[in-house]
Amino acid sequence: AAAAAAAAVAAADASSAQAWGLLLRGPPPRPLCRGHGEAMVERTVLKEGPNQGRRFWVCARPEGAWPRVREARCEDFRWQESRPRARPKVAAPPPPPPP
């Protein structure tokens, strides 16, 4: 009976550890740029327009004359998979009542 109880506790601990591991695994790995094979950086569109707030990935190296200058940022660009949430539209206030 003691061995069965110990086995049950070990199984519960393993299940709990697996559940916590799924919750606390952290962010997914950053994609690698095609030009250098290095981790890309995430940026957000700040400019007004339909893509404002949308996130994208670019090469982490500084801007330059790629591909002539190999130390410069390559041309790899990728949109994040999810689109930004639409901004809620604010309704115009009702007109004032007639006098």
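**Exercise 1. Which residue in β2 is the bridge partner of Val41?**

Work through the strand pairing of this predicted model.

*Solution.*
- Start with the overall layout: the protein has one helix and three strands, and along the sequence they follow the pattern α-β-β-β.
- Next, place the two strands. Strand β1 covers residues 41-44 and β2 covers residues 55-58. They run antiparallel and are joined by four bridges.
- Now look for the partner of Val41: in β2 it is Val58.

**Exercise 2. Find the strand that β2 pairs with through three bridges, and name the residue opposite Trp57.**

*Solution.*
- Three bridges link β2 to β3, which is made of residues 77-79.
- This pair, β2 and β3, is antiparallel.
- Within the pair, Trp57 stands opposite Arg78 of β3.

**Exercise 3. List the residues of the largest nonpolar core, then follow Trp66 outward from it.**

*Solution.*
- The core holds seven residues: Cys33, Met40, Trp57, Cys59, Trp66, Ala72 and Cys74.
- Trp57 takes part in this core and, as the previous exercise showed, stands opposite Arg78 in β3.
- For Trp66, set aside residues up to four places away in sequence. What remains is contact with Gly35, His36, Ala72, Arg73, Cys74 and Glu75.
- Compare the two lists: Ala72 and Cys74 are touched by Trp66, and they are also members of the core.
- Finally, check the peptide bond between Trp66 and Pro67. It is cis, with omega about 0°. Pro67 belongs to the loop between β2 and β3.

**Exercise 4. Decide whether Leu23 is buried or exposed, and place it on the surface.**

*Solution.*
- Locate Leu23 first: it is part of helix α1, residues 2-23.
- Then apply the cut-off, which is over 50% relative accessible area for an exposed residue. Leu23 has 64% relative accessibility, so it counts as exposed.
- Look at its companions. Together with Trp20 and Leu24, Leu23 makes a nonpolar surface patch of about 400 Å².

**Exercise 5. Describe the protein as a whole through its burial, surface and contacts.**

*Solution.*
- Burial: of the 99 residues, 14% are buried.
- Surface: the protein exposes about 8,400 Å², and carbon and sulfur atoms supply 60% of that area.
- Contacts: take those with a separation of 6 or more. Residues 24 or more positions apart account for 36% of them.

Key. Residues are numbered from 1 along each chain as its sequence is written. This is a predicted model: local features need pLDDT of at least 70, side-chain atom pairs count only at pLDDT 80 or more; totals for chains, interfaces and linings use all residues. Side-chain values use heavy atoms; hydrogens and water are left out. A nonpolar core is a set of buried Ala, Val, Leu, Ile, Met, Phe, Trp, Tyr and Cys residues joined through side-chain atoms within 4.5 Å. Buried means under 20% relative accessible area, exposed over 50%, partly exposed in between (1.4 Å probe, protein chains only). Contact means heavy atoms within 4.5 Å. Two strands pair if DSSP finds at least two bridges between them. Patches are made of residues with over 30% relative accessible area and no salt bridge: like charges are joined within 9 Å, nonpolar side chains (Val, Leu, Ile, Met, Phe, Trp, Tyr) within 5 Å. Accessible areas come from the Shrake-Rupley method with a 1.4 Å probe; for residues, only the protein chains shown count as cover. A salt bridge is a side-chain nitrogen of Lys or Arg within 4 Å of a carboxyl oxygen of Asp or Glu.
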